[in-house]
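Student: Hi! Could you walk me through this structure before I head back to the bench?
Tutor: Happy to. Here it is.

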Amino acid sequence: MMASKTKAIMQIHLDQKDARIIGEDLLEYAETLSEALGMDTLKIQREMQSGDLNHLIITFNYYFGDYIELLDSDHRISS
């Protein structure tokens, strides 16, 4: 019998009032997830930090969008 691979989606609600905190939180989530998934943590974090907050969010979604859904107070944050 073959094991089924399913992806659990977790929703993260971000407080858009403080961009610095959002960036720090997403970098921490990226570190935890990339290590758990066997990804290159340093490469991903460098890529996330190579632009503004919007770039950081887009990069996070690129790597972890199958596992994490980012939400602001009322809406999905899209990339």
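Tutor: First, a word on areas: accessible areas come from the Shrake-Rupley method with a 1.4 Å probe. Also keep in mind that this is a predicted model.

Student: Okay, how much area does the chain expose?
Tutor: The chain exposes about 5700 Å², and carbon and sulfur atoms supply 51% of that.

Student: And what share of the residues is buried?
Tutor: Buried residues account for 33% of the 79 residues in the chain.

Student: Which secondary structure elements does the chain have?
Tutor: There are three helices and two strands. Along the sequence they follow the pattern β-α-α-α-β.

Student: What about contacts between residues far along the sequence, what percentage join residues at least 24 apart?
Tutor: If you take contacts between residues at least 6 apart in sequence, 54% of them join residues at least 24 apart.

Student: Switching to charge: which residues gather in the patch of negative charge?
Tutor: That surface patch consists of Asp25, Glu28, Glu31 and Glu35.

Student: Where does Glu35 lie?
Tutor: Glu35 is in helix H1, which covers residues 19-37.

Student: Why does Glu35 count as exposed?
Tutor: Because its relative accessibility is 52%, and the cut-off for exposed is over 50%.

Student: Now Met39. Where is that one?
Tutor: Met39 sits in the loop between H1 and helix H2, residues 41-48. Its relative accessible area is 29%, so Met39 is partly exposed.

Student: Which residues does Met39 touch?
Tutor: Leaving out residues up to four places away in sequence, Met39 touches Ser34, Ile44, Tyr63 and Phe64.

Student: How far apart are Met39 and Tyr63, in sequence and in space?
Tutor: Met39 and Tyr63 are separated by 24 residues in sequence, and their C-alpha atoms are 9.3 Å apart in space.

How values were computed
Residues numbered from 1 in each chain as written. Predicted model: local features only at pLDDT ≥ 70, side-chain atom pairs only at ≥ 80, totals over all residues. Heavy atoms only, no water. Patch = residues over 30% accessible without salt bridge, like charges linked within 9 Å, V, L, I, M, F, W, Y side chains within 5 Å. Salt bridge = Lys/Arg side-chain N within 4 Å of Asp/Glu carboxyl O. Lys, Arg positive; Asp, Glu negative; His and termini not counted. Charge placed at Lys NZ, Arg CZ, Asp CG, Glu CD. Helix = DSSP H or I, 4+ residues; strand = E, 2+ residues; numbered from the N terminus. Buried < 20%, exposed > 50% of the residue type's maximum accessible area, 1.4 Å probe, protein only. Contact = heavy atoms within 4.5 Å.
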